[in-house]
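Biologist: Hello, I have a few questions about this protein. Could you open the model so that we can look together?

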Amino acid sequence: LIRKQGYKLLYVPDVKLRHYRRQNLLSLFKQMYRFAVGRFQVGKKDRTLLKPSHIVVGSALPFILLCLLVMLIFKISLSSLYSISFCLFIIALVYGLVRTGSIVSALYFPLAILTMTIAWSSGFIRELLFPVETGNRRKSAQ
């Protein structure tokens, strides 16, 4: 949007940026939920801002529920689900270990990734089905 209005983005290497890290899973969940709602709203205005990864993670909950339903209908053993879950846990654990270099921190990665995925998908689906009223629509209704 900024570039479309004729502005330029500059890289300034000596600028310091701080990220606020959430202190617990509930605040992380709320943050990711709000991010997903906002991303979907922005994506409706400018499709280039809605990346395939946003849609894939946004579809995670319905996909998981559909897989569970298929497993129930066709009486597929839950052992395959346990195997997949265990593999995903190990991948997240290794990723956390590579990123942090700490086994203690790495142990939190699977839970954090799961929390972020569920929160993002919840916010994305909520905004898809029940769009939040934006400020512009409220002002025009008055």
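Modeller: Happy to! Residues are numbered from 1 along each chain as its sequence is written. This is a predicted model, so local features need pLDDT of at least 70, side-chain atom pairs count only at pLDDT 80 or more, and totals for chains, interfaces and linings use all residues, while side-chain values use heavy atoms, leaving out hydrogens and water.

Biologist: Thanks! Which residues in α1 are buried?

Modeller: Helices are DSSP runs (H or I, at least four residues), numbered from the N terminus, and α1 covers residues 25–45. Buried means under 20% relative accessible area, exposed over 50%, partly exposed in between, with a 1.4 Å probe and protein chains only. In α1 the buried ones are Leu28, Gln31, Met32, Ala36, Val37, Phe40 and Gly43.

Biologist: Which element gives the largest share of the largest nonpolar core?

Modeller: A nonpolar core is a set of buried Ala, Val, Leu, Ile, Met, Phe, Trp, Tyr and Cys residues joined through side-chain atoms within 4.5 Å. The largest one here has eight residues: Leu28, Met32, Ala36, Phe40, Leu50, Ala119, Trp120 and Phe124. Two or more of them come from each of α1 and α5. The largest share, four residues, belongs to α1.

Biologist: And how many disulfides does the structure hold?

Modeller: A disulfide is a pair of cysteine sulfur atoms within 2.5 Å. For cysteine 67, the closest cysteine sulfur is in cysteine 87, 15 Å away, and therefore too far for a bond. Cysteine 67 is partly exposed at 31% relative accessibility, and cysteine 87 is partly exposed at 45%. The number of disulfides is zero.

Conventions
Expected span 1.5 Å × (residues − 1).
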